[in-house]
Amino acid sequence: MATEVQVRTLTCAQALNEALKQEMRRDPAIYVAGEDVARYGGIFGVTAGLLEEFGEERVRDTPITESAIIGSAVGAAATGLRPVVELMFVDFIGVALDQLFNQAAKMRYMFGGKARLPLVLRTQCGGGMSAAAQHSQCLEAWFMHVPGLKVAVPSTPYDAKGLLVTAIRDDNPVVFIEHKMLYGVEGNVPEEPYAIPFGQADIKREGADVTVVATMLMVHKALAAAEQLSADGISVEVIDPRTLTPLDEDTIVESVRKTHRLVIVHEEVKRAGSGAEIAAVVAERALDYLDAPVQRVAAPFTPVPFSPPLEQRFIPDVPDIVKAVKAVVAA
Amino acid sequence: MAVDREKLLGMYTTMVTIRQFEGRVAELFATGKIPGFVHLYIGEEAVATGVCAHLRRDDFITSTHRGHGHLIAKGGDPRLMMAELFGKRTGYCKGKGGSMHIADVELGILGANGIVGGGPPIAAGAALSARYRGTDQVVACFFGDGAANQGTFHEAANLAAIWKLPVVFVCENNHYGISLHQGKHMAVADVADRARAYDMPGVAVDGMDVMAVYEAAGEAVKRARAGDGPSLIECKTYRFRGHFEGDPEVYRSRDEVAEWQKRDPIATFRARLLEMQVLTEDKVRAIDEAARARIDEAVSFAEGSPLPEFEELFEDVYA
Ligand SMILES: Cc1ncc(C[n+]2csc(CCOP(=O)(O)OP(=O)(O)O)c2C)c(N)n1
Ligand SMILES: [Mg+2]
């Protein structure tokens, strides 16, 4: 009998949920903790059903104490557990930053390699819900700037599951950032567990004329822009780094050597965003190949506004990407 | 405690205004006219009302994500509030803040807050400033039972205690932080007990009884104004609606909600005022109608106001 490859469609939220369940079944050292993750199943539903299957010992509702949520994960990870803790909105990292960047990120190094910190901090970012300045930010660059942390930024359900599996199996602290507007996005996800290695960008669309590097929600907008541009005869290659630390420099640099043009798209503010690092890498490794100045499409350097028309303009959109691609092609 | 009729009527009117404002916000949110997250204060009106009844215009408050009631009780303008909730440029924050960030600095309202526990240190700072500038202003700091577990509350309480700052910490214990019941998020039954750790007075009162809140707040405000330092008042209350609009409320039973609704702070206060003959049925109707007219006007103002222009996005990032 021929084995059928089962193709299923899941949302990002369901894919993440499946990764959590499968990993928890595999390894009893994994526990989940965070605000409203147990009984409520997470405010975006990512941890739904975990409490019922794994019980209160392994699925813990915490008080609203982000510093203790992350700090306790550090202590547990250093002593043999594999915590997967949730920070409800990435914006709240401010309340707990010390435990992440001075404790989790540096402990192994400071101890001369004598500690392992297999912890995952799952969190959620992005605009699009009129949630205003303290519930809408994209802060990937903050985490990228800290040696000792890994940073995953999935854009599809397939990547979300495979990257979360890798994050959980990794022996380092991983900041795993989910975009709130992607939870409902659907895609094919194999049922059996699989791990997507960190530091491997994915070429979401091949093209010859311009390289567009985009992350999370912007991957989808870049793909829509590429589709529009193909009608104008411009062939766009869309690259999703999938993890920002480690960063797959080679895939980006190779693509630029082929297309000679680079546009970087992210929802973070432009100033010192992750795109600044990517542009610098290309400047260091492929400057001679560039036929046009690098363009960054990113949010303006302001807090995220509440009012919908302002927020819509704040978040980079398909026309902004089309315009930037046309500009580098014309240059 | 003898309280004059005007004060009592004023408090009743404030509570009715908050209730009606919130009821209208719920409707407008459901029809999509108000975007974002809204956290309603219905059921908790006695707390903001009883506390703010002691505050002067030049006193300060720090508020929370559930802040509409605090604003109205401190004298906020429902028109500017509603316009802000609609994201209009005529709103309190020019449409940049929305429900979770409404502020009126001229009225001493140092902002609602999207960060649970964001307010207490700011309250301590405003209180420091009041002493520093040689005024007798006081600061009321509203925060939830959930926020009472944040380090920021404890740090601010300690600071206020050692520097004898004029802060009244008001814990609105509605027994839940989103889905988590107080019994699962703290080991003590009374948040008020935590005052002892900072050597300040701490009392737990019935937060469904505006007079009980009023009485406790009177003491605390007096103490703060006299330069004798901070206090903690815990008001036991309950939110009648979900954590935010759209909350499936899987974590509590209808019976539990119904039990608390029997102690509706407005209904009980009304009954008491009718009995005291401070209110009459006619007056009750008149207050309801006047509040409704005010909210109607606020909604028309918001609906008729323009949205912000794109260029305004860049304003007010820096002074
Ligand atoms: C630092 C931080 N953590 C988590 C949240 C998400 N959140 C918003 S309101 C809330 C519950 C707050 O509970 P409580 O302080 O009791 O106030 P209530 O909502 O009951 O009025 C939570 C967890 C937040 N906004 N900020
Ligand atoms: Mg509460």
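Student: Ala, Val, Leu, Ile, Met, Phe, Trp, Tyr, Cys and Pro count as nonpolar, Asp, Glu, Lys and Arg as charged, and the others, Gly among them, as polar. How many of each class are in the shell around ligand 1?

Tutor: The model is predicted, with local features needing pLDDT of at least 70 and side-chain atom pairs 80 or more, while totals for chains, interfaces and linings use all residues. Residues are numbered from 1 along each chain, chains are lettered from A and ligands numbered from 1 as written, and side-chain values use heavy atoms, without hydrogens and water. The shell has 9 nonpolar, 9 polar and 4 charged residues.

Student: Which residues come nearest to ligand 1?

Tutor: Of the 22 residues around ligand 1 (a heavy atom within 4 Å), the nearest are A:Glu66, B:His65, B:Arg66, B:Gly114 and B:Gly146. Chains A and B both surround ligand 1, so the site is shared between them.

Student: What about polar contacts, meaning N or O pairs within 3.5 Å?

Tutor: A backbone N or O atom of B:Gly114 is 2.7 Å from a nitrogen atom of ligand 1. An oxygen atom of ligand 1 lies 3.0 Å from a backbone N or O atom of B:Ala147. A polar side-chain atom of B:His243 is 3.5 Å from an oxygen atom of the ligand. Alone, ligand 1 exposes 580 Å², and the protein buries 97% of that (Shrake-Rupley method, 1.4 Å probe).

Student: Changing topic, how many residues does the contact between the chains take?

Tutor: Chain B gives 38 residues and chain A gives 35, with contact meaning heavy atoms within 4.5 Å.

How values were computed. Polar contact = N/O pair within 3.5 Å; in protein donor to acceptor, adjacent residues only side chain to side chain.
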